[in-house]
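I wanted to work through this model from the whole chain down to single residues. These are my notes, in the order I looked things up.

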Amino acid sequence: MLQTRIIPSKPALILEGKKKNLIVTDIHLGFESALQSNEIFIGKNSTVNETIQELSEIIDSENPDSVILLGDIKSSIKNISRNEWNEVPLFFEEIRKKCDVILIPGNHDANIQKLVPENISMISSTGMVEENVLLTHGHTMPSENFSHIDKIIMGHIHPVFFQEDSIMNGQRVWISLKTEKQKIFPSKSGELEIIIVPSFNRYFYATQKRHYKKSISPIIERLEISSAKIVSLEGAVLGDESIIKQVL
């Protein structure tokens, strides 16, 4: 049976059974281009180097068999920006030196195959199944072929906690929720758990919900949430299903 464990203070998840997988999502390399258009400058290659360093440190401490990337490695949606031509291959090459890398493309990863080195395993955007767990980006509905699973691990949403009088306002969070399996797989009954992994990009931050555009997932739109747990990166429980609208 696969076990999940969040890594304290990091937006990264361990999925462990016979093999140990490190799961991260929504890195959005090259996002600086959008900031530059608003005259916000972070510095050339600074964020890709930060990302490589942070992920490398996690790999060194956890020693996984592979890193599974749940999509949105690049930032631009339909094309490849000038930054991405350089940064995305650099990211893959450096992380592949540490362990195997599996990429499940997201909605921002159009044409990413042009940037992915040959030694990276790139699979369908519909996701992959490990025993009873579906790993997917979250921008598409799972196929009925996956209906035997009882857990979905996904990204795409960039969950952030909003409560203006809280010290946690604007911080990235984990979401674990439970729903009727039939809502996603009409032919099945029982309970389905969904874990939403926070974005690995620490610059995705806001202090007011109306200024923070979240991605919409067809998976989440179909749910009737029976229970939920909202957890900070540090592992503190911030609330339950009663505050779900503050993070979704």
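What follows runs from confidence to sheets, cores and a few single residues.

**Ground rules**

I am working with a predicted model, where local features need pLDDT of at least 70, side-chain atom pairs count only at pLDDT 80 or more, and totals for chains, interfaces and linings use all residues. Numbering starts from 1 along each chain as its sequence is written, and side-chain values use heavy atoms, with hydrogens and water left out.

**Confidence first**

I checked pLDDT, the predictor's confidence in each residue, from 0 to 100. The protein chain averages 90, and 90% of the residues score at least 70. Residues 35–42 are a weak spot, with pLDDT below 50, and this stretch has 8 contacts in the model beyond near neighbours in sequence. For contact I use heavy atoms within 4.5 Å. Where pLDDT is low, the predicted coordinates should not be read in detail.

**Whole chain**

I get 4 helices and 13 strands for the protein chain. These are DSSP runs numbered from the N terminus: helices are H or I with at least four residues, strands are E with at least two. Of the 248 residues, 52% are buried. Buried means under 20% relative accessible area, exposed over 50%, and partly exposed in between, with a 1.4 Å probe and protein chains only. I also looked at contacts between residues at least 6 apart in sequence: 67% of them join residues at least 24 apart.

**The six-stranded sheet**

I traced an open sheet of 6 strands, in the order β1-β2-β3-β4-β5-β6, with mixed pairing. Two strands pair if DSSP finds at least two bridges between them. At the edges I find β1 (3–6) and β6 (121–122), each of which pairs on one side only.

Next I went through the pairings inside the sheet. Strand β2 (residues 13–16) runs antiparallel to β3, joined by 4 bridges, and Ile14 stands opposite Leu22 in β3. β3 and β4 are parallel over 4 bridges, with Ile23 partnered by Ile68 in β4. β4 and β5 run parallel as well, joined by 4 bridges, and here Ser66 has Asp100 in β5 as its bridge partner.

Which residues of β4 are buried on each side? I see Ser66 and Ile68 on one side and Val67 and Leu69 on the other, all of them buried, which leaves both faces covered. In a regular strand the side chains alternate between the two faces of the sheet.

I then followed the chain through β4, α3 and β5, which make a right-handed β-α-β unit. Right-handed here means that, with the strands pointing away from the viewer, the path from the first strand over the helix to the second runs clockwise.

**Cores**

I looked up the nonpolar cores: sets of buried Ala, Val, Leu, Ile, Met, Phe, Trp, Tyr and Cys residues joined through side-chain atoms within 4.5 Å. The largest has 28 residues, and those with the most contacts inside it are Leu22, Leu69, Ile73, Phe91 and Phe92. Elements giving it two or more residues are β3 (20–24), α2 (46–62), β4 (66–69), α3 (82–96) and β5 (100–103). The top contributor is α2, with 5 residues.

There is also a second, separate core of 24 residues, including Phe161, Ile219, Leu223 and Ile244.

Back in the largest core, I listed what Phe92 touches, leaving aside neighbours within four places in sequence: Leu69, Ile73, Val101, Leu103, Ile112, Leu115, Val116, Pro117 and Ile120.

**Around β10**

Strand β10 (residues 173–180) is antiparallel to strand β12 (residues 225–232), with 7 bridges. β10 also pairs with β11 in the antiparallel sense, over 6 bridges. I picked Ile175 as a marker: Ile175 stands opposite Ile230 in β12 and opposite Ile196 in β11.

Glu193 is in strand β11 (residues 191–196). Is Glu193 buried or exposed? I count Glu193 as buried, because its relative accessibility is 19%. Not counting residues up to four places away in sequence, Glu193 touches Asp150, Lys151, Ile152, Ser176, Leu177 and Lys178.

**Positive phi**

I noted two residues other than glycine with positive phi: Asn63, near 50°, and Glu131, near 55°. Asn63 sits in the loop between α2 and β4 and counts as exposed at 60% relative accessibility. Glu131 is in the loop between β7 (128–130) and β8 (133–136), and is partly exposed at 44%.
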